[in-house]
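Dear colleague,

Please find below the structure that I am handing over to you. My notes on what was found in it follow directly after.

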Amino acid sequence: MNIAEKKSCFDEDFLEELRLLTLDETQENRMQDWLQGIAQRLIGEEWDFKSKPVYFCVVDNPSPNAAFVPNIRYKQDEEGEFIRDEDGNKIPEKSIPMVMVTKGLFDFVHNEDELAFILGHELGHFRQEKLRGSHENSKVEEASSDYGALDMMIRAGYRLDAAHD
């Protein structure tokens, strides 16, 4: 799935509101491949980003931050009403999750190991969403994501001392 196909899974207003960093197609593909490569190294065989894509993107924001966005969307009719199955459940549209990092994060991290911890933390949220079918930013989930990131870093061969802050 190319970048344009990944972006098409998101509401245009949402992407505009995020203020994605302006990159040409080559730069955007390189950034996607680099972030996805770190994530694949972290998560290993547990997830295949080629067959189950995740959109990795950079937001034009000077604050150092990252976030996991589940991007659950549901089919709607012409009037904007949700289309439901025979059991009354909303029918999901084709959607993919997002892991976004801010431009300011790259000024904050000193090396790939530090970035790996941050991406690992966001992948921890991703794992929890896949296991539970929901995502919340509780203290328990935040701590679990930190521990999960450390575990992934060990298995992937990243330096744990990079996760000190």
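What should the 18 residues of helix 6 (residues 139–156) span at 1.5 Å a residue, and how far apart are its end C-alpha atoms? In this predicted model, the expected span is 26 Å and the end C-alpha atoms lie 26 Å apart, so the two values agree. The buried residues of helix 6 are Glu141, Ser145, Gly148, Ala149, Met152, Met153 and Ala156. These residues cover an arc of only 140 degrees around the axis, which places them on the same side of helix 6. Lys139, Val140, Tyr147 and Ile154 are exposed on the other side. Gly157 follows helix 6 and has a positive phi, near 85 degrees.

I turn now to the aromatic residues. Six aromatic pairs are found in a search of the whole structure. One of them joins Phe10 and Phe14: the ring centres are 6.3 Å apart and the planes meet at 20 degrees, so this pair is stacked. Phe10 is buried, at 3% relative accessible area, whereas Phe14 is partly exposed at 28%. Ring pairs link Phe10, Phe14 and Tyr55 into a cluster.

The rings of Trp47 and Phe126 have centres 4.8 Å apart and planes at 90 degrees, so the pair is edge-to-face. Trp47 lies in the loop between helix 3 (25–43) and strand 1 (55–59), and Phe126 in helix 5 (residues 112–132), so the pair ties together parts 79 residues apart in sequence. Trp47 is buried at 14% relative accessibility, and Phe126 is buried at 2%.

The charged end of Lys52 sits over the ring of Trp47, 4.8 Å from its centre. Likewise, the charged end of Arg41 sits over the ring of Tyr158, 3.8 Å from its centre.

With kind regards

Technical notes. Residues are numbered from 1 along each chain as its sequence is written. This is a predicted model: local features need pLDDT of at least 70, side-chain atom pairs count only at pLDDT 80 or more; totals for chains, interfaces and linings use all residues. Side-chain values use heavy atoms; hydrogens and water are left out. Helices (H or I, at least four residues) and strands (E, at least two) are DSSP runs, numbered from the N terminus. The expected span of a helix is 1.5 Å times one less than its number of residues. Buried means under 20% relative accessible area, exposed over 50%, partly exposed in between (1.4 Å probe, protein chains only). The arc is that of the directions from the helix axis to the C-beta atoms. Rings of Phe, Tyr and Trp (its six-membered ring) pair if their centres lie within 6.5 Å; planes under 30 degrees apart count as stacked, over 60 as edge-to-face and the rest as tilted. A charge sits over a ring if NZ of Lys or CZ of Arg is within 6 Å of the ring centre and within 35 degrees of the ring normal.
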